[in-house]
Amino acid sequence: MSGPANRVEISGVVTELKALRHTPAGVPVIEFRLRHESERIEAGATRKVNAEIDAVAFEAQARLLAAGTLGRPLKAEGFLCAKSRQSKKPVLHVTNIEFVEGN
């Protein structure tokens, strides 16, 4: 795929999970919130990083999340897109989810 880069990989825990629903075309979709916490080096110093991001998943990824539990660690991959035509707030569109064991 060519064009401007728009790829996100982030780990965290699901803190909010809405009910699984279906689009008018019958595609399963679920909205959720992901909380991330880590430490990163910035300007030569260690910095605690934390953020919450709104996310959405479709098809198999939506069904996988709907069967999961809140607080379970996961790694999500996807891309950012505006929430709607009216709201330009970014939302992570998750294309791959991997539950992380042992955390």
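In which loop is Ala43 found? In this predicted model, Ala43 sits in the loop between strand 3 and strand 4, and its backbone is worth a look, since Ala43 has a positive phi of about 55 degrees although it is not a glycine. With a relative accessibility of 85%, Ala43 counts as exposed. Glu59 can be read alongside it, for Glu59 also has a positive phi, of about 50 degrees, and is likewise not a glycine. The place of Glu59, however, is in helix 1, and with a relative accessible area of 40% Glu59 is partly exposed.

From Glu59 the reader can follow helix 1, which spans residues 59-66. Within this helix, Gln61, Ala62 and Leu65 are buried. Seen down the axis of helix 1, these buried residues fall within an arc of 100 degrees, and therefore they line one face of the helix. As for what covers them, the cover of the buried residues of helix 1 includes strand 1, strand 3, strand 4, strand 5 and strand 6.

The helix leads on to the nonpolar interior. In soluble globular proteins, nonpolar side chains tend to be buried together. Here the largest nonpolar core has 16 residues, of which Phe32, Leu65, Leu74, Leu92 and Val94 touch the most other members. Two or more residues of this core are given by each of strand 1 (8-17), strand 3, strand 4, helix 1, strand 5 (73-82) and strand 6, and the largest share, 4 residues, comes from strand 6.

Two residues, Val94 and His93, give a closer view of the contacts made in this part of the chain. Leaving aside residues up to four places away in sequence, Val94 touches Phe32, Ala55, Val56, Ala57, Gln61, Ala76, Glu77 and Gly78; of these contacts, Gln61 is one of the buried residues of helix 1, while Phe32 is among the core residues that touch the most other members. His93, for its part, is found in strand 6 and is buried, with a relative accessible area of 17%, a value that falls under the 20% cut-off for burial. With the same sequence neighbours set aside, His93 touches Val56, Phe58, Glu77, Gly78, Phe79 and Cys81.

The empty spaces of the model complete the picture, beginning with the closed one. A search of the whole structure finds 1 cavity of 30 Å³ or more, and the largest cavity has a volume of about 30 Å³. Its lining is made up of Val14, Leu17, Leu65, Gly68, Thr69, Leu70 and Phe99, among them Leu65, which is buried in helix 1. By class, the lining of this cavity has 5 nonpolar and 2 polar residues, with no charged residues.

The largest pocket, an open space, has a volume of about 330 Å³. It is lined by 16 residues, and those closest to its centre are Glu31, Asp54, Ala55, Lys83 and Val91. The elements that give two or more residues to this lining are strand 3 (28-42), strand 4 (45-58) and strand 6 (90-99), and each of these strands also gives two or more residues to the largest nonpolar core. By class, the pocket lining has 7 nonpolar, 2 polar and 7 charged residues, whereas the lining of the largest cavity has no charged residues.

Terms used
Residues are numbered from 1 along each chain as its sequence is written. This is a predicted model: local features need pLDDT of at least 70, side-chain atom pairs count only at pLDDT 80 or more; totals for chains, interfaces and linings use all residues. Side-chain values use heavy atoms; hydrogens and water are left out. On a 1 Å grid over the protein atoms alone, a cavity is a set of points where a 1.4 Å probe fits but cannot get out, and a pocket is an open set with protein on both sides within 12 Å along at least five of seven lines; lining residues have an atom within 4 Å of a point. Grid points are joined across faces, edges and corners, and a volume is the space filled by probe spheres set on the points. Ala, Val, Leu, Ile, Met, Phe, Trp, Tyr, Cys and Pro count as nonpolar, Asp, Glu, Lys and Arg as charged, and the others, Gly among them, as polar. A nonpolar core is a set of buried Ala, Val, Leu, Ile, Met, Phe, Trp, Tyr and Cys residues joined through side-chain atoms within 4.5 Å. Buried means under 20% relative accessible area, exposed over 50%, partly exposed in between (1.4 Å probe, protein chains only). Contact means heavy atoms within 4.5 Å. The arc is that of the directions from the helix axis to the C-beta atoms.
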